[in-house]
Amino acid sequence: MTDFLRLAADIAREAGDMLLAKRPARPEAVHTKSSLTDVVTALDRASEELIRARVKAARPHDAILGEEGGETGGAETGEGRVRWIVDPIDGTVNFMYGLPEWAVSIAVEVDGEVVAGVVNVVPRGELFAAEKGGGAELLRDGLPAERLRCTEDVPLSQALIATGFGYLSERRAVQAQVLTHVLPVVRDIRRGGSCAVDLCSVAAGRVDGYFERGPKYWDFAAGGLVATEAGARIGGLRGRPYNSGLTLCASPGLFEALHGLLVPLDPERDA
Ligand code: IPD
Ligand code: CA
Ligand code: CA
């Protein structure tokens, strides 16, 4: 493990432990963002504050982009421009309802490229970790590290596909229409509630593929590296970068098939 990955993993574990210890029986939303369904709890903020404090203490010159606090700091050093990409809780709605699919997601970028990423799926005691060029692993207390590989050669008709929905009602209406064309031709659909966990599930072969319109950089920066280091391809439609609209992730063959299914459905339309 490089220093970046080790530090990211230590911080993600500490934030996860704090969240588990402090999570009330029913966390409440303290603020809404893009819509009434897009909520923030006090612990989203506390988690991000903890992560920022630990990164700053260890690496005072690095920039930090966090979902709740935006972008701060950052200076050129001999190592290049280092930026930490943080989603303090990915899957906040699950966190509020006591469902086990939420995670602390931390990625480290050097000069614009993600070089390390960790996704701590706290309630399940699973930490997914990846380094650029070094593969992806699942770490669990008391068990040997497990090397991750996505599924391969799965035809669309037998593919289990994860997806997610945005927070805006008009966007959800389009997403629901798109699904009416996808659901009949795949094995089934899963809506887990955390983009970061969905991407790790692709890496672990727990689903075969994932697509979603509009996830943000902090949702997929770490999970995207875990998935690609496990052999998956991540990208947007028609060769566009995956942060522009629709994000697709699957083994290369299934990626093509899913892409071919989705393009004519125009999933990036407004209404
Ligand atoms: C959300 C989750 C969800 C995805 C949304 C994200 P949040 O993140 O990743 O699965 O469908 O697009 O915004 O709000 O829980 O951090
Ligand atoms: Ca998120
Ligand atoms: Ca979040």
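**Exercise 1. The calcium pair**

Determine how far apart the calcium ion (ligand 3) and the calcium ion (ligand 2) are in this predicted model, and which residue coordinates both.

*Solution.*
Step 1. The separation between the calcium ion (ligand 3) and the calcium ion (ligand 2) is 3.6 Å.
Step 2. Asp-87 coordinates both ions.
Step 3. Glu-67 belongs to the loop between β3 (63–66) and β4 (70–72), while Ile-89 belongs to strand β5 (residues 82–90), so the pair ties together parts that are 22 residues apart in sequence.

**Exercise 2. Donors of each ion**

List the protein donors of the calcium ion (ligand 3) and of the calcium ion (ligand 2), and state how they are spaced in sequence.

*Solution.*
Step 1. For the calcium ion (ligand 3), the protein donors are Glu-67 (OE), Asp-87 (OD) and Ile-89 (O), at 2.2 to 2.3 Å.
Step 2. The spacing of these donor residues is E-x19-D-x1-I.
Step 3. For the calcium ion (ligand 2), Asp-87 (OD), Asp-90 (OD) and Asp-219 (OD) coordinate at 2.1 to 2.2 Å.
Step 4. Here the spacing reads D-x2-D-x128-D.

**Exercise 3. Accessibility of the donors**

Classify Glu-67, Asp-87, Ile-89 and Asp-90 as buried, partly exposed or exposed.

*Solution.*
Step 1. The cut-offs are under 20% relative accessible area for buried and over 50% for exposed, with partly exposed in between.
Step 2. Asp-87 has 0% relative accessibility and therefore counts as buried.
Step 3. Ile-89, at 2%, is likewise buried, and Asp-90, at 6%, is buried.
Step 4. Glu-67 has 23% relative accessibility, so this residue counts as partly exposed.

**Exercise 4. A nonpolar patch**

Identify the residues that make the nonpolar surface patch of about 370 Å², and place Tyr-97 in the secondary structure.

*Solution.*
Step 1. The patch is made by Val-93, Tyr-97, Leu-99 and Tyr-167.
Step 2. Tyr-97 is part of helix α3 (residues 92–97).

**Exercise 5. The overall fold**

Decide whether the radius of gyration agrees or disagrees with that of a compact globule, and describe the secondary structure, burial and surface of the protein.

*Solution.*
Step 1. A compact globule of 271 residues would have a radius of gyration near 18 Å; the protein has 18 Å, so the two agree.
Step 2. The C-alpha trace spans about 50 × 40 × 40 Å along its principal axes.
Step 3. The protein contains seven helices and 15 strands.
Step 4. Of the 271 residues, 52% are buried.
Step 5. Among contacts between residues at least 6 apart in sequence, 59% join residues at least 24 apart.
Step 6. The exposed area is about 11,700 Å², of which carbon and sulfur atoms supply 52%.

Definitions and conventions
Residues numbered from 1 in each chain as written. Chains lettered and ligands numbered in written order. Predicted model: local features only at pLDDT ≥ 70, side-chain atom pairs only at ≥ 80, totals over all residues. Heavy atoms only, no water. Donors = N, O, S within 2.8 Å, 3.2 Å for Na, K, Ca; no water. Helix = DSSP H or I, 4+ residues; strand = E, 2+ residues; numbered from the N terminus. Buried < 20%, exposed > 50% of the residue type's maximum accessible area, 1.4 Å probe, protein only. Patch = residues over 30% accessible without salt bridge, like charges linked within 9 Å, V, L, I, M, F, W, Y side chains within 5 Å. Areas by Shrake-Rupley, 256 points an atom, 1.4 Å probe, with all protein chains shown as cover. Salt bridge = Lys/Arg side-chain N within 4 Å of Asp/Glu carboxyl O. Rg over C-alpha atoms; globule rule 2.2 N^0.38 Å. Contact = heavy atoms within 4.5 Å.
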